[in-house]
Amino acid sequence: MKTVLITGCSSGFGRETARYFLARDWRVVATMRTSRDDVLPPSDRLSVLSLDVKDPESIRSVVEAAGPVDVLVNNAGIGFLNALEGTSMDNVRDIFETNTLGTIAMTQAVVPQFRERRQGVIVNVTSTVTCRPLHLLSVYTASKSAVNAFSASLALELEPFNVRVRVVLPGRAPSTRFGENARARMKDGFPQAYEALVEQVFSHWQKETAVTQASDVAEAIWRAATDPSSPFKIPAGEDAVKTFSAVANG
C-alpha cells in the first residue's frame, strides 16, 4: 500500500486531495495546523497530524510519525491580495515563510528517504497567477513563483535518483477558503489611492464564469503522483487550463 503525505488538509484542495487518495486505497497522512477528526471520513488508512510548516520541530515530528512515504504533496499555503503599499512587511514574511520556505523545508525533510530508496514523487501546489502578472497579487505571486523555480531546479538534481518533481497550478477557486484567508490579513483594507483599481479587479472576477474546483486540483495531483509521463507543470481547473494554454501558445 502506498502512502501520501499532504499538507494543508483542513479545507479546500488539501482536504479534497486526501479524500481522493483515500478513495483509491492509499494510506493518507493528512496534516493541518490544528488537527481535527471531523474533517475527513474515518479510515484505518488515515492519519491526521498537526503540522506547522514554519516550525522545524513540527516538521521533524510529522515526518517521523508518518514513516516511509511515497508521495509528498506540498499544498499548505496562505492567500493574500493587496497593493504592495497596503502590505506590511510582517505579512510579506508570513506569506513567504508559509508558501515558499514551508514548501522547501517539508521537501528537504522528505528527500533523504526518497533518494535512499531511489523512488518518490514531490508535488508542489502553486498557482496560475505565476503564468502572467495580475493586479494586487505581487507578493502572493512572488511567493508561488519562487516555488516554481525551486521545483524546476530540484527536479534536475533529483532525476538521477529516480525522484520526480511536479508542479500543479490551480486557477481561481472561490469555493475554497483562499478568499477568507486573504481577508484575514487585509484588516486594514486597501490603500485609498488604489480603490478604483480594486473595484476594477473585483468587477472583472465577478464576470468570470470559468473557475477551479477543489476536485480539479485533486485530480491533477493524482495525475502528478501516479503518472510518470505527466508534464512538469499541470494546470488544474477550467480557468487554469485556459490561462496556461494561452501563455504557452504565446
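1. The lining of the second largest pocket draws its largest share, 4 residues, from strand 6, and strand 5 (120-125), strand 6 (163-170) and helix 7 (214-226) each supply at least two residues of that lining. Helices (H or I, at least four residues) and strands (E, at least two) are DSSP runs numbered from the N terminus. A pocket here is an open set of points on a 1 Å grid over the protein atoms alone, where a 1.4 Å probe fits, with protein on both sides within 12 Å along at least five of seven lines, and lining residues have an atom within 4 Å of a point.

2. Please keep in mind that this is a predicted model, in which local features need pLDDT of at least 70, side-chain atom pairs count only at pLDDT 80 or more, and totals for chains, interfaces and linings use all residues. Residues are numbered from 1 along each chain as its sequence is written, and side-chain values use heavy atoms, with hydrogens and water left out.

3. In helix 7, the buried residues (under 20% relative accessible area, 1.4 Å probe, protein chains only) include Ala214, Val217 and Ile221. Seen down the axis of helix 7, its buried residues fall within an arc of 165 degrees, taken from the directions from the axis to the C-beta atoms, so they line one face of the helix.

4. Asn162, in the loop between helix 4 and strand 6, has a positive phi of about 65 degrees although it is not a glycine, and at 52% relative accessibility it counts as exposed, the cut-off being over 50%.
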